[in-house]
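Dear colleague,

Please find below the structure that I am handing over to you, together with its sequence. My findings follow directly after it.

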Amino acid sequence: MFRAIYLTRSEDNQTHAEIKALDDSALPAFDAGGVTVQVDYSTINYKDGLAITGRSPVVRKFPMVPGIDFCGTVTASEHAGWKAGDKVILNGWGVGEAYWGGLAQQARVNGDWLVRLPDALTAFDAMAAGTAGYTGMLCVMALQRQGVQPGDGEILVTGATGGVGSFAVSLLSALGYRVVASTGKQAEEGYLKSLGAAEIMDRAGLSAPGKPLQKERWAGVVDTVGSHTLANACASTRYGGVVTACGLAQGMDFPASVAPFILRGVSLIGVDSVMAPRARREEAWARLAREMPRTALLEIAQEVSLEEAISAAPKILAGAVKGRIVVDVNR
Ligand code: NDP
């Protein structure tokens, strides 16, 4: 038997979340390449908040075990790449949405989806980063691929106290970039500065409709917020600058004009972690293991039990969570 967060949907379309003891035989079967993992830690991401509360239809079938991230040890493998005892990380691939996920003591997934836990990281460290840290690193890699260098100018990070934002601030400042952190939580100035932010900016200045072209400021942007914030970030990016877009905490809309792209040569780069190819995931995790300051990792993460994870779900949707929630699924 193993314990899991178990989501069901009632006839009136309400999602119900409970802790349930499940038989091992309930784990999903795979035609080939299935790998069973004893989970150490999972996390609560924004998307897990949506799944657990049912606020948005991210869960594609019920009953569902949520959890888009996990880290643990392989206990059985029908996949040539994995054997019992291997330490593995999973992020995305529709796990916790279409396939049972990591908010459980056991999981079974397709072995193609797993990444090896780098030696320098513990299972806790890996989930302190989780999808947020890995996505923050994908944004950093995208800025670098586009040639943005520390000497080019300031980098704006929006939703800065959130999971992706916290990692982006820390990783970019560790690489020598001057990071300006946009937040709605002015009281967290000390937190953001401890992660390396050079300056804090009130997100209210970015979240309302703005002009199509504004004073040029950013050499690069990591936007986790979308909507008017992303439009304003593009409008205030310098000639030839690069905006990476990965999130929608303010909204999925993009009420912008083409002016920054056609008059200033600004590039808008989409960042997706869910279906990102394996080589890019491995590079992101290897870099997280090397470059993420451990002090920042511990500053960003707070740990909760499996039961507490259910009540954390509405809080993350309310934007009330600072940093990352790591879930000890065995507590
Ligand atoms: P968090 O909830 O941890 O962080 C989001 C942050 O955005 C909040 O902490 C808050 O930061 C800010 N925010 C919240 N509501 C609003 C609002 N109405 N207007 C402006 N800012 C707001 O989420 P994550 O960091 O885990 O994820 C961030 C976004 O990125 C989410 O939309 C998520 O779905 C997406 N995402 C996408 C991925 C991909 O593959 N593309 C992968 C991972 C996440 P503050 O108070 O500091 O302003």
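I begin with the backbone. Proline 63 is placed in the loop that runs between helix H1 (46-53) and strand E4 (69-77). The peptide bond leading from phenylalanine 62 to proline 63 is cis, its omega being near -5 degrees. Please bear in mind that this is a predicted model. A further backbone feature concerns tryptophan 93, which is not a glycine and yet has a positive phi of about 60 degrees. Tryptophan 93 belongs to the loop between strand E5 (87-91) and strand E6 (106-110).

I turn next to the ligand, which sits in the largest pocket. Two elements, helix H2 (123-145) and helix H3 (163-174), each give two or more residues to the shell around the ligand. Domain 1 (2-117 + 297-328) and domain 2 (130-270) both contribute residues to this shell, so the ligand lies between them.

In total, 25 residues surround the ligand, and the closest are Thr161, Val164, Thr183, Cys246 and Ser273. By character, the shell residues comprise 10 nonpolar, 12 polar and 3 charged.

As to individual contacts, an N or O atom in the side chain of lysine 185 is 2.9 Å from an oxygen atom of the ligand. For glycine 184, a backbone N or O atom lies 2.9 Å from a ligand oxygen atom. With alanine 160, a polar backbone atom is 3.5 Å from an oxygen atom of the ligand. The ligand taken alone exposes 920 Å², of which the protein buries 88%.

Yours sincerely

Methods
Residues numbered from 1 in each chain as written. Predicted model: local features only at pLDDT ≥ 70, side-chain atom pairs only at ≥ 80, totals over all residues. Heavy atoms only, no water. Near = heavy atom within 4 Å. Polar contact = N/O pair within 3.5 Å; in protein donor to acceptor, adjacent residues only side chain to side chain. Areas by Shrake-Rupley, 256 points an atom, 1.4 Å probe, with all protein chains shown as cover. 1 Å grid on protein atoms, 1.4 Å probe; cavity = no way out; pocket = protein on both sides within 12 Å on 5 of 7 lines; lining within 4 Å. Sits in = over half its atoms within 2 Å of the grid points. Helix = DSSP H or I, 4+ residues; strand = E, 2+ residues; numbered from the N terminus. Nonpolar A, V, L, I, M, F, W, Y, C, P; charged D, E, K, R; others polar. Domains from an automatic or database assignment.
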